[in-house]
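Q: Can you walk me through this one? I'm new to reading structures, so keep it short.
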Amino acid sequence: MALLLSLQPPFFSSKPLSLHPQRANLFKTHNRLAVKCLAKDPGHVSSLEKQRWENVLSTLASLYPVYVTVGGAIACVKPSAFEWFVKRGPASYSFSLGLIMLAMGLTLELKELVGIFKEKPFSIMFGCVAQYTIMPVFGTLVSKALGLPPSLSVGLILLGCCPGGTASNVVTLIAQGDVPLSIVMTVCTTLGAVLLTPFLTKILAGAYVPVDALGLSISTLQVVVAPILLGSYIQTAFPSVVKAVIPFAPLLAVLTSSLLASSVFSENFVRLQSSLTNATSSSVDMKVVLLAVILLHFAGFFVGYLSAMVCGFKEKQRRAISIEVGMQNSSLGVVLATSHFSSPLVALPPALSAVVMNIMGSSLGFVWRYINPSDLNQQAEIHD
């Protein structure tokens, strides 16, 4: 019955069926013919079944905001739920990031990844400049506008000065954005973080954040560059294997990103909860801190998209730039905050961002998933 119902639209009108006996017999005859045709062509049935499963996997991957929200709620109610993952850090974090980038690499051809440097140098440069201007500036503006105390202001500014996060590549894939551009921007902004993150934090927050330049560069190669290159190589060397695996890659990347974000949040939740308990109510207001993080990421998404639109980029590039600018490497922010500042409150904005940013970004990606970027480009050309 389900098979027959699925075949009705191509063969029949959407108008209600008449109760006339002849038309009823005609309806039965067409159904029998349809079943006979499919029985003679089992390959068509398997193709429909394969497409159905791919649609299911794609839909599951688009539920990123649900996974992150549930993970964040569990981290608040029962932080120990992620203890098995946190205890194995930082190796588990690095492995997870590498797995995400490998999944992204499987969707790209190596020549496509290399070619983007030649074809879109301005897009890459624009995205990197936007990353290290929009977010740091709005981190400073929001902290001043909300009157955050010094420790929280430093934490918010530090978050704004961090490079783009690897989760942005997953969200760009869901949003039908320019995935190669997103990945290259992530690599470039992460490499630039060696100098720009401590430099901008020193200028805007009045505090110097020492960064292990060599260590950060090696980590970037391990968890970003190497997995992408490996994934691209596997796609070229073993196309049949990749063809079978590729439908699962987005869902795998989404689930891994959700686990990583929830674990980072849960790791710092107990410490932050203790800090908030010991802090005076006048110096820390959790709602204000949450609002500050939301406003910072909203500014990144909105201004990033608006600036890309003003500069004449196509819709796929606008989405990639918007998501890349709005989504920070909050894990790096937490590590720097806990390593180089005495006050544990500095880590509060980056830790909150681990969940808030992913909910906001994945929700935006979910909306864009159902809006074809080529349709918006055509509308823009008509108006021009």
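**Rings, core and chain**

Q: Let's begin with the rings. How many aromatic pairs does a search of the whole structure find?
A: This is a predicted model. The search of the whole structure turns up 7 aromatic pairs.

Q: Take Trp84 and Phe85. What kind of pair are they?
A: Edge-to-face. Their ring centres lie 5.5 Å apart, and their planes meet at 75 degrees. The cut-off for edge-to-face is over 60 degrees, so this pair qualifies.

Q: Why give both a distance and an angle?
A: Because a pair of aromatic rings is described by the distance of the centres and the angle of the planes.

Q: Is Trp84 buried, partly exposed or exposed?
A: Trp84 is partly exposed, because its relative accessibility is 48% and exposed would need over 50%.

Q: And Phe85, buried or exposed?
A: Phe85 is buried, with a relative accessible area of 6%. Buried means under 20%, so 6% fits.

Q: Which rings form a cluster?
A: Phe122, Phe126 and Phe313 do, linked by ring pairs.

Q: What sits over the ring of Trp53?
A: The charged end of Arg52. It is 5.3 Å from the centre of the Trp53 ring.

Q: Switching to the core. How many residues are in the largest nonpolar core?
A: There are 72. Ile183 and Ile321 have the most contacts inside that core.

Q: What is Ile321 in contact with?
A: Skip its neighbours within four places in sequence. That leaves Phe126, Leu181, Met185, Gly304, Ala308 and Phe313. Two of those names came up before: Phe126 and Phe313 belong to the ring cluster.

Q: What about a second core?
A: A separate core has 8 residues. Among them are Leu158, Leu332, Val346 and Ala347.

Q: Zoom out. How many helices and strands does the protein have?
A: The secondary structure comes to 19 helices and 0 strands.

Q: How much of the protein is buried?
A: Buried residues make up 45% of the 384 residues.

Q: And how much surface does the protein expose?
A: About 19,100 Å². Carbon and sulfur atoms supply 69% of that area.

Q: What share of the contacts comes from residues 24 or more positions apart?
A: They account for 84% of the contacts with a separation of 6 or more.

Q: Which residues does UniProt list as "transmembrane region"?
A: The entry is unreviewed. It lists several spans, including 91-110, 154-174 and 347-368.

Q: What does the model show for residues 91-110?
A: That span is 80% helix and 0% strand. Its end C-alpha atoms lie 27 Å apart.

Q: And residues 154-174?
A: Here the span is 71% helix and 0% strand. The end C-alpha atoms are 32 Å apart.

Q: Now some single residues. Where is Gly105?
A: Gly105 is in helix 6, residues 91-105. It is buried, with a relative accessible area of 0%.

Q: What does Gly105 touch?
A: Ile228, Gly231 and Ser232, leaving out residues up to four places away in sequence. Gly105 and Ser232 are 127 residues apart in sequence, yet their C-alpha atoms are 5.1 Å apart.

Q: Where does Ala81 lie?
A: In the loop between helix 4 (64-77) and helix 5 (83-86). Ala81 is partly exposed, at 30% relative accessible area. From Ala81 to Ser263 it is 182 residues along the sequence and 8.9 Å in space, C-alpha to C-alpha.

Q: And Val245, which helix is that in?
A: Helix 13, residues 239-245. Val245 is partly exposed, with 38% relative accessible area. Its C-alpha atom is 9.6 Å from that of Ala103, 142 residues apart along the chain.

Q: Last one. What is phi for Gln176?
A: Near 60 degrees, a positive value in a residue other than glycine. Most residues other than glycine have a negative phi. Gln176 is in the loop between helix 10 (167-174) and helix 11 (179-205). It is partly exposed, at 28% relative accessible area.

Key
Residues are numbered from 1 along each chain as its sequence is written. This is a predicted model: local features need pLDDT of at least 70, side-chain atom pairs count only at pLDDT 80 or more; totals for chains, interfaces and linings use all residues. Side-chain values use heavy atoms; hydrogens and water are left out. A nonpolar core is a set of buried Ala, Val, Leu, Ile, Met, Phe, Trp, Tyr and Cys residues joined through side-chain atoms within 4.5 Å. Buried means under 20% relative accessible area, exposed over 50%, partly exposed in between (1.4 Å probe, protein chains only). Contact means heavy atoms within 4.5 Å. Rings of Phe, Tyr and Trp (its six-membered ring) pair if their centres lie within 6.5 Å; planes under 30 degrees apart count as stacked, over 60 as edge-to-face and the rest as tilted. A charge sits over a ring if NZ of Lys or CZ of Arg is within 6 Å of the ring centre and within 35 degrees of the ring normal. UniProt positions are given in the numbering used here, feature names are shortened, and annotations may be inferred rather than shown by experiment. Helices (H or I, at least four residues) and strands (E, at least two) are DSSP runs, numbered from the N terminus. Accessible areas come from the Shrake-Rupley method with a 1.4 Å probe; for residues, only the protein chains shown count as cover.
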